[in-house]
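This report considers a single structure. It treats the cysteines, one helix and the empty spaces in turn.

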Amino acid sequence: MVNKTRLNRVREDKDVARGVLGQFLGDETFPIEWREGEDELFWIFDDLHCPNPLTPMFFDVGGWWLTCDHMFRRFGTPFASDWIAKQINGYLYTAAIPADPSCRPAAEEFQARYAPRVPWDKNYAENIGPYLEATLPHYGKNFIEWWDNRLRPEIVRNFEYFDNYDMEAESLPGLAVLFEDALDMHDRHWKIHWLVNFAQFSATMELNAAIKELRPDLPDDLPGRLQSSLKDRNWDSIEALWRMKEAVKSDPELGQAFKGETATVVLAELEKSEAGRAFVDGQLKPYQKEFGHKSMWSHEFIAPLWRENPGPIIEAVRGYLYSDYDYRATIEAVRRDLEEAKAQLMEGIGAGEDRVRLQTLLDRAIALNPLTPDHHFYIDQGTNARLRTVLMAIGAKFVQADILDDPEDILFLHYNEMRTLVGNHGAFNARELTSDRRDAFEEQQSIRPPDWVGTATEEALAFPYAANWGFPEKFYRPAPNQSDEITGLPASSGVVEGVARLVTSTDQFDELQENEILVCRMTNPAWVVLFTKIRGLVTDAGGSASHSAVIAREFGIPAVVGTSVATQAIKTGDRVRVNGTSGTVQIVR
């Protein structure tokens with residue numbers, strides 16, 4: 001008979017040796033099924049990318065984590081050798097795999113058992129560290145040239161292939177093969193993503209180290225201000241929307257059309273006049289073609305793209321009209337703040353080696369700043385959008401073959417289930433299966449996932465990328481001092497008070513009023529149109545380098561991110577005080 005008391009004592013001794021700080025393995029409200037070794041890892045809820053339940057298809061094939069073994073191998077990271085994912089009650093959790101031969105948890109990729117990459121050599125982490133230190137600066141120095149001349153053109157060529165492919169005329173087997181090509185593209189683009197990531201990390205790390213050494217007297221928010229970008233695809237999109245707003249503002253006929261109650265009504269009104277049709281053909285459709293490969297949620301296939309449904313574009317233009325948004329004044333304010341931050345940094349550094357070194361590091365980091373929004377545009381948004389497009393084409397063929405009722409039902413199949421149906425249309429009842437999964441998907445929306453599960457250790461909390469989700473601060477964060485106070489992470493300095501507006505979908509974008517405080521789970525580039533109206537931001541997810549934080553700093557909006565509970569605690573209409581310097585939000589009501 002197994003002596004459970006002895007086993008528990010052995011495990012407790014092992015936990016002490018590993019520096020275990022806490023453990024959550026599930027309960028009645030959030031049950032978890034664990035595979036071998038999974039419970040010993042520290043799993044972070046990825047509310048930064050995927051705050052909602054995931055469809056089966058996206059979890060199987062769309063994840064950013066699928067190329068992480070390549071990333072850790074290429075760069076020679078001593079702190080991790082792989083990164084794996086687990087879907088728990090519909091939600092995405094990920095865990096870093098330490099570069100330790102004894103770590104051998106079960107995992108899955110593409111519905112198959114996956115053995116996470118770990119080194120055979122127990123001294124690998126110690127030995128590989130100097131390689132990372134020696135090579136990482138090379139990425140920071142050279143990457144912008146690689147991006148401009150080699151990598152971005154490669155991505156654009158891949159997009160052109162899929163965008164010009166006649167999917168409607170293709171056979172179902174042909175589309176199945178095209179989807180495999182799309183997965184190959186996804187794999188390649190995410191490998192490029194990690195090059196972007198590490199190059200920026202290198203440049204920012206070197207600059208911040210130099211600032212700490214040469215200008216330790218500077219305010220804490222200065223490095224964040226130096227991350228602003230003045231020319232990127234994000235600003236290009238905003239400028240194009242602003243130009244549409246200016247066209248509508250200057251033409252009474254267009255202005256009348258935009259008074260329609262809904263985007264559908266606006267589009268119908270535009271089609272009734274020559275000026276309206278010219279606006280649609282000359283500005284709206286070109287915008288959809290260039291910037292429409294994005295949706296409400298970049299890391300999921302279920303949300304329609306702006307190129308499929310122009311409604312969000314119409315609502316964005318209407319928002320710009322309402323606020324009379326001035327793109328030129330906004331970009332000038334960002335430029336002025338960046339120049340002031342640069343001058344503040346260099347002030348007092350006399351001529352000599354220190355000044356040359358600091359200026360070189362500053363110029364390098366600023367040259368890479370546009371890659372934060374640009375990699376979202378090309379990889380997070382653009383690449384996943386092309387996968388959705390091919391899936392919708394296959395879904396349409398399934399509807400024609402009487403396999404499914406709706407093309408989007410394909411998202412509630414697993415990858416290999418879809419492939420099985422391509423080969424055998426009657427292999428199983430796909431209608432019944434997808435209907436059941438849609439019901440479960442809707443039920444999962446009401447679940448509130450914990451910030452982390454599994455086993456928290458000092459080593460796991462020290463994982464550098466954990467900072468993107470607000471760790472280790474979230475783990476050690478004390479309970480609020482007051483019942484009406486929420487604690488998060490300071491993202492953009494300043495204090496502002498105003499009326500809160502809870503926004504959870506694009507359908508609510510037009511409800512946001514001028515000078516309100518935006519409260520949401522997280523943001524991505526599709527949300528940038530809202531930043532022209534708000535005076536403060538509070539999010540559930542993210543860290544100081546997240547999209548929400550960076551854009552808030554660019555717009556000069558006080559922001560607190562990574563609260564975990566803002567969308568639960570704050571209601572539309574609440575009066576809140578946002579302190580982006582201390583990271584606290586007070587519900588004044």
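## Cysteines

Cys-50 has a relative accessibility of 2% and therefore counts as buried. The model is a predicted one, and a search of the whole structure returns zero disulfides. For Cys-50, the reason lies in distance: the closest cysteine sulfur belongs to Cys-68 and is 13 Å away, which is too far for a bond. A pair of cysteine sulfur atoms would have to lie within 2.5 Å to qualify as a disulfide.

Cys-520 is likewise in no disulfide, and the cysteine sulfur nearest to Cys-520 is that of Cys-50, at 15 Å. Cys-520 has a relative accessibility of 0%, so this residue also counts as buried. The cut-off for a buried residue is a relative accessible area under 20%.

## Helix H9

Helix H9 spans residues 263–270, and Ala-263, Val-266 and Leu-270 are buried in this helix. These three residues lie on the same side of H9, because they cover an arc of only 55° around the axis.

The packing partners of the buried residues of H9 are three helices: H8 (252–257), H10 (274–291) and H11. Helix H11, which comprises residues 311–323, also contributes to a pocket, giving two or more residues to the lining of the second largest one.

## The second largest pocket

The volume of the second largest pocket is about 780 Å³. Its lining consists of 35 residues. Those nearest the centre of the pocket are Met-296, Trp-297, Ser-505, Thr-506 and Asp-507.

Which elements give two or more residues to the lining of this pocket? They are helix H11 and helix H16, the latter covering residues 430–444. Sorted by class, the lining of the second largest pocket holds 15 nonpolar residues, 11 polar residues and nine charged residues.

## Enclosed cavities

How many cavities of 30 Å³ or more does a search of the whole structure find? The search finds six. The second largest of the cavities has a volume of about 70 Å³.

Thirteen residues, written as 13 in the computed list, line the second largest cavity. Ser-295, Ser-298, Glu-300, Leu-305 and Ala-385 lie nearest the centre of this cavity. By class, its lining is made up of five nonpolar, five polar and three charged residues.

Conventions:
Residues are numbered from 1 along each chain as its sequence is written. This is a predicted model: local features need pLDDT of at least 70, side-chain atom pairs count only at pLDDT 80 or more; totals for chains, interfaces and linings use all residues. Side-chain values use heavy atoms; hydrogens and water are left out. Buried means under 20% relative accessible area, exposed over 50%, partly exposed in between (1.4 Å probe, protein chains only). On a 1 Å grid over the protein atoms alone, a cavity is a set of points where a 1.4 Å probe fits but cannot get out, and a pocket is an open set with protein on both sides within 12 Å along at least five of seven lines; lining residues have an atom within 4 Å of a point. Grid points are joined across faces, edges and corners, and a volume is the space filled by probe spheres set on the points. Helices (H or I, at least four residues) and strands (E, at least two) are DSSP runs, numbered from the N terminus. Ala, Val, Leu, Ile, Met, Phe, Trp, Tyr, Cys and Pro count as nonpolar, Asp, Glu, Lys and Arg as charged, and the others, Gly among them, as polar. The arc is that of the directions from the helix axis to the C-beta atoms. Contact means heavy atoms within 4.5 Å.
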